[in-house]
Amino acid sequence: CAATCNVPAEPADLFQEAYVLLRVARDLHFYDIARNVLVKCRLLAEKQGLTESAAVRLDGIDIGLRLAEVDRSNLVATRQLLDASLQHCMRVIEEEDELFIPASNFFQIAGIYQRHGGVLQPSEQEFLDQLLQKFDAASAEFLRTISMPFPDVKDVLALNNRTEAARNSEDAPSDNIPVTVAAQRLLLPQTEEVQPAHALIAIEVLAERAIELPSGTKPLDIHWPAEYVRQLSLSGVSVLMLAMDEADGLVAVIAEAGDIRTHRASKGTLSFRQRLTAWSEKYPYRYGLIDRKEGNNEFYNTMAEFDIPMPQSDKVLVIAQPVLAQIPYNLVVVENNLAGSSKAIAVIPSLTWFVAARQCARRPDTRLMAWISVPSDPEQFKTLDMVHQRLLPIFQEYEIQVDNSRRIPADMQGSR
């Protein structure tokens with residue numbers, strides 16, 4: 001707004017406005033804009049003769065931008081960034097300025113460098129240890145976690161259970177950051193593939209966490225998820241759990257007939273996240289608009305982008321990281337057929353939620369209801385019409401009330 005006003009402005013005012021724009025652009029990941037504004041901020045700072053503290057803060061933002069864009073597998077580039085970040089932390093300490101963000105950058109860069117084969121010098125490791133002592137226990141734990149090249153499953157569990165204990169506090173969203181970082185790194189490919197039981201822990205931690213659970217929910221332990229999905233699979237319900245690792249690759253764990261195995265999606269020219277992002281620009285919304293005359297090829301061709309395993313059994317329970325919940329798992333292509341044509345597939349938020357839901361008392365409302373919006377014009381026969389037509393015998397057999405209106409029904413609350 002200040003930039004659009006046709007009035008004289010002092011360099012000091014322009015610097016403040018530019019600095020706000022710089023931080024906004026950075027936080028929105030508009031890195032090219034942020035870099036351009038950063039140059040202007042430096043010029044305005046020189047004109048104003050601002051203190052060393054202002055220059056240090058601008059250098060900190062520069063390091064943050066470089067961290068966001070660096071090729072993490074390029075050891076030369078990360079080594080240079082590590083050196084710059086270390087020097088920046090030392091300047092911040094000299095200025096007695098806010099240290100947490102510079103330290104966070106330094107710890108992240110150190111973790112990236114080590115994860116790709118770099119070795120820290122003894123003096124750098126000593127500096128990391130010294131930095132930890134400048135923060136409270138929670139902040140130090142955060143920094144330690146984001147610097148771990150490959151966290152142990154016990155670290156992930158400890159962080160998760162500590163966060164769950166304080167999930168109703170105002171700091172809960174930020175507390176989840178180190179848990180998420182640790183869980184995604186636990187799923188990264190290593191010399192030895194991650195154990196299925198450990199991958200289950202990581203995926204359960206990355207699953208939907210916004211839904212309030214009943215009080216008294218037990219904290220995760222290292223054995224429970226694997227044992228629980230094994231028992232479910234022996235009862236005839238196979239389990240498919242999915243999440244993405246820190247490198248945006250898809251990792252799945254399949255529990256079937258008592259056996260638990262890990263599956264890592266094949267690598268392509270694009271990461272799984274990149275393929276998902278491109279697909280989600282049109283789908284799954286577009287699937288509801290496909291006309292009968294267009295045939296089914298679009299379902300097959302677009303879902304072929306994803307290497308998603310599917311258990312062979314006819315009952316499948318899916319738990320997916322929230323970003324993966326948008327995938328219609330009934331449309332996963334299995335041996336040239338859509339999985340939903342031969343399997344009953346249910347998607348649930350998390351194993352923890354599933355156990356809690358099964359323990360809740362049933363509501364007295366016994367109505368069985370479903371909603372499938374279909375147009376009144378029979379000429380407009382599209383995907384939802386086809387779904388409704390195919391499911392109609394099931395609805396009739398089990399006396400399920402079906403609402404075909406164009407709006408979300410208002411009377412479904414409490415029904416089954």
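This passage describes a five-stranded sheet and a pair of helices in a predicted model. The model is predicted, and local features were accepted at pLDDT of at least 70 and side-chain atom pairs at pLDDT 80 or more, whereas totals for chains, interfaces and linings use all residues. Residues are numbered from 1 along each chain as its sequence is written, and side-chain values use heavy atoms, with hydrogens and water left out.

Helices (H or I, at least four residues) and strands (E, at least two) are DSSP runs numbered from the N terminus. Five strands form an open sheet of mixed pairing, in the order β3-β2-β1-β4-β7; two strands count as paired if DSSP finds at least two bridges between them. The edges are occupied by β3 and β7 (344–348), each with a single partner strand, so one side of each lacks a neighbour in the sheet. Direction ignored, neighbouring strands are turned by 20° against each other on average.

Strand β2 (residues 250–256) is largely enclosed by the rest of the structure, because seven of its seven residues are buried, that is, under 20% relative accessible area with a 1.4 Å probe and protein chains only (exposed is over 50%, partly exposed in between). In a regular strand the side chains alternate between the two faces of the sheet. In β2, Leu-250, Ala-252, Ile-254 and Glu-256 point one way, while Val-251, Val-253 and Ala-255 point the other way.

Strand β1 (residues 238–244) runs antiparallel to β2 and is joined to β2 by six bridges, with Met-241 opposite Val-253. These two strands form a hairpin with five residues between them, and Asp-248 in the turn has a positive phi of about 70°. Six bridges also join β2 to the antiparallel strand β3 (residues 259–264), where Arg-264 stands opposite Val-251. The hairpin of β2 and β3 has two residues between the strands, and Ala-257 takes a positive phi near 55°.

Helix α3 (residues 52–69) and helix α5 (residues 100–115) have axes that come within 11 Å and cross at roughly 30°. Axes are lines fitted to C-alpha atoms, for helices over the stretch in contact, with angles from 0 to 180 degrees between N-to-C directions. The crossing angle makes α3 roughly parallel to α5, a term used for angles under 35 degrees. Gly-60, Ile-63, Gly-64 and Leu-67 in α3 meet Asn-105, Gln-108, Ile-109 and Ile-112 in α5, contact being heavy atoms within 4.5 Å. The residues of this contact divide into four nonpolar, four polar and no charged. Here Ala, Val, Leu, Ile, Met, Phe, Trp, Tyr, Cys and Pro count as nonpolar, Asp, Glu, Lys and Arg as charged, and the others, Gly among them, as polar.

Conventions:
Angles under 35 degrees count as roughly parallel, over 145 as roughly antiparallel, 65 to 115 as roughly perpendicular and the rest as oblique.
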